[in-house]
Amino acid sequence: MHAGMRASMHGERGPVHVAEAIDNTRNAVAASAVASAHEVTGSLHKKIEAQKQQIKNAGSRMKTRKSTRTRQRIIDAAKEIITEKGTIEFQMSEVAERCNMSKGALYYYFKDRSQIVGIVDAEVADQVISTVERVGAESETAVEALRAICESFAEALSSNAAGFSALLGEFLRRGYGSLNNVDDRYAKLIELTRGLIDRGKQEGSVRSDVSSSLVANGLLGMFLFTAMDYLALEDTIDRSEFSKQLMGIVLDGIGTQGDGA
């Protein structure tokens, strides 16, 4: 009887185990299908969100580029007005009209005239720095570099006398306190000029006893004030003569030969 009960129990539980196994398999397959569906849905959602972000970023970049172009168009218009009028005392409405935009739209980009003038000043300073860096790298000697700087300076003054006159006049009107607004650029110019003086010492064209830092500051001050004089005397002294005299002043003061020719 004990063996029969065992056999009976085996016979009864065998089908149950098969049914459970089938159910478990079905459940596993269903769970796997659900998981796969969720994975596919999640992947599609990520792709859609990534595409949305790409579109958003592209739109943002386009907006930024448009804004940058508009700002530069405003700055260029202000430069033209400064050159034509020979003063920075322009009206915001003049700039807006030249840019074919409303005055309100102009104020969206710049809060007032002084902000525009500040950027114009910065662009001019950056151009000067670029010129000094370029001629310093291209010139074989420090004297050639200094001569090239004098010539470039004279050329820049001649090509935009009214604009430079307006900006230099504003600089002088504000006084040396205005250097606080251009410390980085001024320091860069001093560094570049001091490097040329040191180079001249090594080459034997500049006296070894002069202070490179004092000379660098003195040269920049000389350029500033002689520029004002040149702009007033432009009809009586040509560009090449102005450049030659500038170079003479430089080397008569610090040169070993005292010859600026």
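**An aromatic cluster in an all-helical pattern**

Good morning. I begin with three rings: Phe 153, Phe 223 and Phe 242 are linked into a cluster by ring pairs. Please bear in mind throughout that this is a predicted model.

Let me first set out the overall architecture. The protein contains 9 helices and 0 strands, and its pattern along the sequence reads α-α-α-α-α-α-α-α-α. Of its 261 residues, 32% are buried. The accessible surface amounts to about 16300 Å², and carbon and sulfur atoms account for 54% of that area. As for contacts between residues at least 6 apart in sequence, 66% of them join residues at least 24 apart.

I return now to the rings. How many aromatic pairs does the structure hold? There are 3. Tyr 108 and Tyr 109 make an edge-to-face pair, with 5.0 Å from centre to centre and 90° between the planes. Is each of these two tyrosines buried or exposed? Tyr 108 has a relative accessible area of 62% and is therefore exposed, the cut-off for that class being over 50%. Tyr 109, by contrast, has a relative accessibility of 18% and counts as buried, because that class covers values under 20%.

Phe 153 and Phe 242 form a tilted pair, at 6.4 Å centre to centre and 35° between the planes. Which parts of the chain does this pair tie together? Phe 153 belongs to helix H5, residues 142–159, while Phe 242 belongs to helix H9, residues 239–254, so the pair ties together parts that lie 89 residues apart in sequence. Phe 242 is buried, at 7% relative accessible area.

The remaining member of the cluster, Phe 223, is located in helix H8 and is buried, with a relative accessible area of 13%. Setting aside neighbours within four places in sequence, Phe 223 is in contact with Ile 149, Cys 150, Phe 153 and Leu 246. Consider Cys 150 among these: its C-alpha atom is 8.6 Å from that of Phe 223, although the two residues are 73 apart in sequence. Cys 150 is itself buried, at 1% relative accessible area. Cys 99 is buried too, with 3% relative accessibility. The structure holds 0 disulfides.

I turn to the nonpolar core. In soluble globular proteins, nonpolar side chains tend to be buried together. Here the largest nonpolar core comprises 59 residues, and those touching the most other members are Ile 74, Phe 90, Val 95, Ile 116, Leu 157 and Phe 242. Helix H8, residues 212–233, supplies the largest share of this core, with 10 residues. Val 95 offers a local view: leaving out neighbours within four places in sequence, Val 95 is in contact with Ile 74, Ala 77, Ile 81, Phe 90 and Leu 106.

Finally, helix H4, residues 113–138. How far apart are its end C-alpha atoms? They are 38 Å apart; this agrees with the expected span of 38 Å for 26 residues at 1.5 Å a residue, because the span is counted over one less than the number of residues. The buried residues of H4 include Ile 116, Val 117, Val 120, Ala 125, Ile 129, Val 132 and Val 135, and also Asp 121 and Glu 123. An α-helix has 3.6 residues a turn, so residues three or four places apart point the same way.

To close, I return to the starting point: ring pairs join Phe 153, Phe 223 and Phe 242, and Phe 242 is also among the residues that touch the most other members of the largest nonpolar core. Thank you.

Definitions and conventions: Residues are numbered from 1 along each chain as its sequence is written. This is a predicted model: local features need pLDDT of at least 70, side-chain atom pairs count only at pLDDT 80 or more; totals for chains, interfaces and linings use all residues. Side-chain values use heavy atoms; hydrogens and water are left out. Rings of Phe, Tyr and Trp (its six-membered ring) pair if their centres lie within 6.5 Å; planes under 30 degrees apart count as stacked, over 60 as edge-to-face and the rest as tilted. Buried means under 20% relative accessible area, exposed over 50%, partly exposed in between (1.4 Å probe, protein chains only). Helices (H or I, at least four residues) and strands (E, at least two) are DSSP runs, numbered from the N terminus. A nonpolar core is a set of buried Ala, Val, Leu, Ile, Met, Phe, Trp, Tyr and Cys residues joined through side-chain atoms within 4.5 Å. Contact means heavy atoms within 4.5 Å. Accessible areas come from the Shrake-Rupley method with a 1.4 Å probe; for residues, only the protein chains shown count as cover. A disulfide is a pair of cysteine sulfur atoms within 2.5 Å.
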